[in-house]
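Q: Got a minute to walk me through this one? I'm new to it.

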Amino acid sequence: MSKPIRVLHIVGAMYPGGMENFIMNLYQYIDRTKVQFDFVVHARKENDYAEQIETMGGRVYELPRLTRNPVRSLIGLYRLVKAQRYPIVIRHTANALVVPQLVAARLAGAKTICHSHNETDPQRTLHKIGRLFMKSAATKCLACSENAGKWMFGKQHYDVIHNAIDISKFAYQTQKAEKIIDEFDLKGKHVYGHIANFIKSKNHIYLMAIYKEILGRDPEAVCFCLGEGELRPQIEQEIKRLGIEDRVILTGIRHDVECFMSCFDVLVFPSIFEGLPLTLIEAQAAGLPCLISNTITEGVIVTDGLVEMASIEEAPSYWAERAMALVQKNQDNSRECQREKIASYGYDVKQLAKWYEEYFCKM
């Protein structure tokens with residue numbers, strides 16, 4: 001029996017988040033007798049996916065971050081790809097600053113893929129410079145959305161690969177909801193939720209202002225934030241400053257997100273910018289109403305009647321009123337999973353895993 005194709009993924013850290021969850025979803029369903037994943041990361045963190053990756057037959061290598069030690073990072077990557085004879089290297093990224101890594105992998109003999117996961121990035125000037133060299137750095141180009149492709153590759157050809165999920169895993173179930181209701185004593189409460197790591201683009205300061213307005217208007221409200229990140233201490237201080245610490249719960253990383261999706265009454269998602277957030281696809285699979293910022297591509301709406309958009313230029317009170325209205329509107333809804341509709345947009349990870357197997361084999 002022939003050995004599987006070993007594909008090397010380069011990411012910042014394999015810590016639960018939208019991009020990382022997408023990769024792990026794919027890894028779980030791809031035929032690992034045909035394709036095996038290994039990873040280069042720049043940081044190992046507690047509760048990351050490293051142990052799970054190794055259990056599934058993958059390897060995790062740690063190299064210095066490109067921006068902190070470019071020489072060691074690039075030489076290390078070149079030697080790794082050369083020594084292990086990786087045929088394919090994928091760089092998952094939000095900007096084109098990673099071009100040197102793609103070049104290093106290509107010089108070491110690999111075919112390279114740049115996978116764009118965002119539609120914008122704060123480092124716009126450096127991104128534009130890096131993009132000039134993308135054509136010579138990347139053998140193939142992938143993007144999570146049309147806008148993410150235009151941002152990263154301009155007029156260069158790219159394939160859109162949706163952030164697919166296990167649809168059945170996120171379908172609403174009463175038992176899932178009751179698990180969270182019992183754990184946090186939420187019976188009779190209105191549950192407002194947010195799921196994202198604490199990074200600037202997720203706009204948590206604004207979210208806390210919305211939560212403050214909700215809690216002042218809805219006596220039965222409880223607000224959640226799932227995730228971790230470097231900005232968490234700042235958000236904790238903001239929660240104390242607003243005096244809402246008794247009704248805002250920060251759970252940290254949870255591995256039962258699908259249960260929270262069934263428990264939440266509404267997902268509030270006021271991001272400053274995104275690629276195509278996996279969380280919103282998961283929420284729709286759970287039949288969960290979502291109030292999201294209009295900075296997010298409309299392509300994320302793959303169901304009927306669940307997602308509403310609002311501007312982050314509006315006052316937090318406006319978002320609070322909209323979120324509360326969604327809770328009231330959906331009190332009697334069945335939370336039906338629109339499985340066929342979601343799958344028709346290309347968000348079924350089982351279908352995508354088959355596509356990926358063929359894609360790598362052709363390369």
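**The second largest pocket**

A: Sure: α9 gives the most to the lining of the second largest pocket, with 3 residues. This is a predicted model, where local features need pLDDT of at least 70, side-chain atom pairs count only at pLDDT 80 or more, and totals for chains, interfaces and linings use all residues. Residues are numbered from 1 along each chain as its sequence is written, and side-chain values use heavy atoms, with hydrogens and water left out.

Q: Which elements give two or more residues to that lining?
A: They are α9 (174-184), β8 and α12 (257-263). Helices (H or I, at least four residues) and strands (E, at least two) are DSSP runs, numbered from the N terminus.

Q: And which lining residues are closest to the pocket's centre?
A: I181, K189, C263, D265 and Q331, out of 20 that line the pocket.

Q: OK, switching to β8. Are the residues on its two faces buried or exposed?
A: Buried (under 20% relative accessible area, with a 1.4 Å probe and protein chains only). In β8 (residues 190-193), H190 and Y192 lie on one side, V191 and G193 on the other, and all are buried.

Q: Which strands do bridges join to β8?
A: One is β9 (residues 221-226), parallel to β8 and joined by 3 bridges. Another is β11 (residues 266-269), also parallel, with 2 bridges. Strands pair if DSSP finds at least two bridges between them.

Q: Who partners with whom?
A: H190 has A221 of β9 as its bridge partner, while Y192 has V266 of β11.

Technical notes:
Buried < 20%, exposed > 50% of the residue type's maximum accessible area, 1.4 Å probe, protein only. 1 Å grid on protein atoms, 1.4 Å probe; cavity = no way out; pocket = protein on both sides within 12 Å on 5 of 7 lines; lining within 4 Å.
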